[in-house]
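Student: Hi! Could you walk me through this protein structure? I'm new to this, so plain words please.

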Amino acid sequence: FAPCVMLSYGCHAAGIDEGIPSCASRVMARGGVCFTGSPRCPTAIATLWNVAFNELLDGHGRSLGEANLWAHNKFLAHHRALKVGLGKYTLMNRFTLGDPALRPYPSCQPDVAQMARHSFDKANITVTGPEKWSMVEVHPDQLKEWKYEGSLFVPVSPGCAPEARWCGSYDAQTPYYQLAVKVPSNAKGVVMTEVTYNKDSKDITVEDSASSADPVCGEYECSQYVDNGNGNDWHYVTVTQEEKGYKWSNRAGVSWMLDAETLDIGEDCPYHSQGRHNEPQRNAAGLVTSMVFGGEAYNRVDVGGPEMAEAKKLWWREAQHMEELSDGSKLLLLPLKMIQYDQKEGKLQSFLKSCTLKVIADDVDLAELNKIAGVAERGGGRGIALAMQNRGE
C-alpha cells in the first residue's frame, strides 16, 4: 500500500482493538503512511470530517497532523454552533494513525482564487464563496446500498465541506463553509454586516441595519411553520414596549406580557399553566434575534428589512460558538451555508458569493491573532508515529 493515505467511511475500520489483524493494521503493516476512520460505527454527518481532512491534505499540501486538526475544528464549528445531535459521536469517533509531521506534496498547487476562503481586515472577517460549483451524480452502487430508485446529485466545490444527514432513504448533503478563527478574550461574538448572493441568476447585495434597530421590539415569525407554507396567524408576532415590560401580540389578536428583564411569559399568557417559557436569543451586539417560545423559534425578520431577513434565513441564522483557548484567546466556531439546490434534479437554485462578519470586541487585529507560525517557529521535524484521536466531548 506504500505510500497511500487511506480514508475509510466504514464502520469499525479503525478499530485496532477489534481482532488481529485489524483493517487499519493491515494497511499500515503493508506500507500505508496514514489510516483515518472510525473505530466504532460512524454516522452520516462524519462525511464533513472526511472531506475536510482530505481537502487540507491533498489540496493544500499540509501535514497529517494539521489535516487532522483542521478536520476536527471544521467539524467542531459545525457541531457546536448548530448543535448537531449525532455530531458528538463523530468528534469522539475519528481515529488517525500515522506520523503527524508527514507532509505529502500535491502534484499541483491549488488555485486559491477558485476556492471558498476567508480574509481579515482588523475586526472584520470576509468569507468569499467558490468561483463555480459542479454537480456530481451519486454512484449507482451507493444508491443501491440505500435502496434508492432514481438519481441524486451532490454539489462540489473546493473549500466547502458538506453536512450529510440521513433523511430516510438517502444522505441529504448541504455544503457549508466552517470558520474556526481565533478572536480576543473579550470577544462577544460576530454579527453579519453585509452579504451578497446569487438567486435565479441575479446577484443580490444587502446590508444589516442592526445598529439602528431596537434591541427587543420588532417583528418575529415562527420559521419552522412559515418557511414551509404552514404558518397561521399565531406564527406572526409583534413585540412592543409597554410601561411594565414588553407585549407579545400575534395576528390572531391574542397578546400577553413579557417580563421586562427576562422576556419570559407571565400568568396572562394562555400557555403559562402548561409550563411553557419564552427564551430570548441575542446576537453579539445584544440584539434579540429570536424568541424560543415553548421550544419553537420565532426568528426576527424586521432588522435590515425583508432582504436581510431572507439572506439570513438562507445562509446564516446567527449560529456561532466560542471555545476558551489555553493562551487566553477564544476560538470562534461558525458555519455558513453555501448553496441551495435540488438534490434530485441537480439544479442550482442560489449560492453565497460573499459575506462580511464583524467581531464584537475591543482592539481587534484578526490577521495578527491568526498568523500561522512557520515550520521553524513551531518546531518542525519528522515527528513521531502515533494515533491522533479526537476527544470532542
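**Starting at the front of the chain**

Tutor: Happy to! Pro3 sits in the segment before β1. Keep in mind that this is a predicted model.

Student: Okay, and which residues does the cis peptide bond join?

Tutor: The cis peptide bond joins Ala2 and Pro3, with omega at about -10 degrees. Most peptide bonds are trans.

Student: What about phi of His12?

Tutor: Phi of His12 is near 65 degrees, a positive value in a residue other than glycine. His12 lies in the loop between β1 and α1. Most residues other than glycine have a negative phi.

Student: Where is Asp363, and what is its phi?

Tutor: Asp363 is in the loop between β22 (347-359) and α8 (366-369). Its phi is near 50 degrees, also a positive value in a residue other than glycine.

Student: Is Asp363 buried or exposed?

Tutor: Asp363 counts as exposed, because its relative accessibility is 78% and the cut-off for exposed is over 50%. His12, at 30%, counts as partly exposed.

Student: Switching topic: how many salt bridges does a search of the whole structure find?

Tutor: The search finds eight salt bridges. One of them pairs Arg40 with Asp17, where the closest N and O atoms are 2.8 Å apart. This pair links distant parts of the chain, 23 residues apart: Arg40 is in the loop between β2 (34-37) and α2 (46-59), and Asp17 is in the loop between β1 and α1.

Student: Why do side chains like that pair up?

Tutor: Side chains of opposite charge can pair when their charged atoms come close.

Student: How accessible are Arg40 and Asp17?

Tutor: Arg40 is partly exposed, with a relative accessible area of 37%. Asp17 counts as exposed, at 53%.

Student: Got another salt bridge for me?

Tutor: Sure. Arg165 and Glu163 meet through their side chains in a salt bridge, at 2.7 Å from N to O. Arg165 is partly exposed at 39% relative accessible area, whereas Glu163 is buried at 7%.

Student: And what is the N to O distance for Arg62 and Glu66?

Tutor: Their salt bridge has an N to O distance of 3.4 Å. Arg62 counts as partly exposed at 25% relative accessibility. Glu66 has 19%, so it counts as buried, the cut-off being under 20%.

Student: Where does Ser22 lie, and is Ser22 buried or exposed?

Tutor: Ser22 lies in the loop between β1 (5-7) and α1 (23-29). With a relative accessible area of 4%, Ser22 is buried.

Student: How far is Ser22 from Thr43?

Tutor: From C-alpha to C-alpha, Ser22 and Thr43 are 21 Å apart in space, and they are 21 residues apart in sequence.

Student: Let's talk pockets. How much space lies in the largest pocket?

Tutor: About 1400 Å³. Of the 46 residues lining the largest pocket, the closest to its centre are Asn299, Trp316, Arg317, Glu318 and Ala319.

Student: Which helix gives the most to that lining?

Tutor: Helix α7 (residues 305-315) gives the most, with seven residues. The residues of the lining divide into 17 nonpolar, 14 polar and 15 charged.

Student: Last one: which residues make the nonpolar surface patch?

Tutor: Leu86, Tyr89 and Met92 make a nonpolar surface patch of about 270 Å². Tyr89 is in helix α4 (residues 87-92), and it is partly exposed, with a relative accessible area of 42%.

Methods:
Residues numbered from 1 in each chain as written. Predicted model: local features only at pLDDT ≥ 70, side-chain atom pairs only at ≥ 80, totals over all residues. Heavy atoms only, no water. Patch = residues over 30% accessible without salt bridge, like charges linked within 9 Å, V, L, I, M, F, W, Y side chains within 5 Å. Areas by Shrake-Rupley, 256 points an atom, 1.4 Å probe, with all protein chains shown as cover. Salt bridge = Lys/Arg side-chain N within 4 Å of Asp/Glu carboxyl O. Helix = DSSP H or I, 4+ residues; strand = E, 2+ residues; numbered from the N terminus. Buried < 20%, exposed > 50% of the residue type's maximum accessible area, 1.4 Å probe, protein only. 1 Å grid on protein atoms, 1.4 Å probe; cavity = no way out; pocket = protein on both sides within 12 Å on 5 of 7 lines; lining within 4 Å. Points joined across faces, edges and corners; volume = space filled by probe spheres on them. Nonpolar A, V, L, I, M, F, W, Y, C, P; charged D, E, K, R; others polar.
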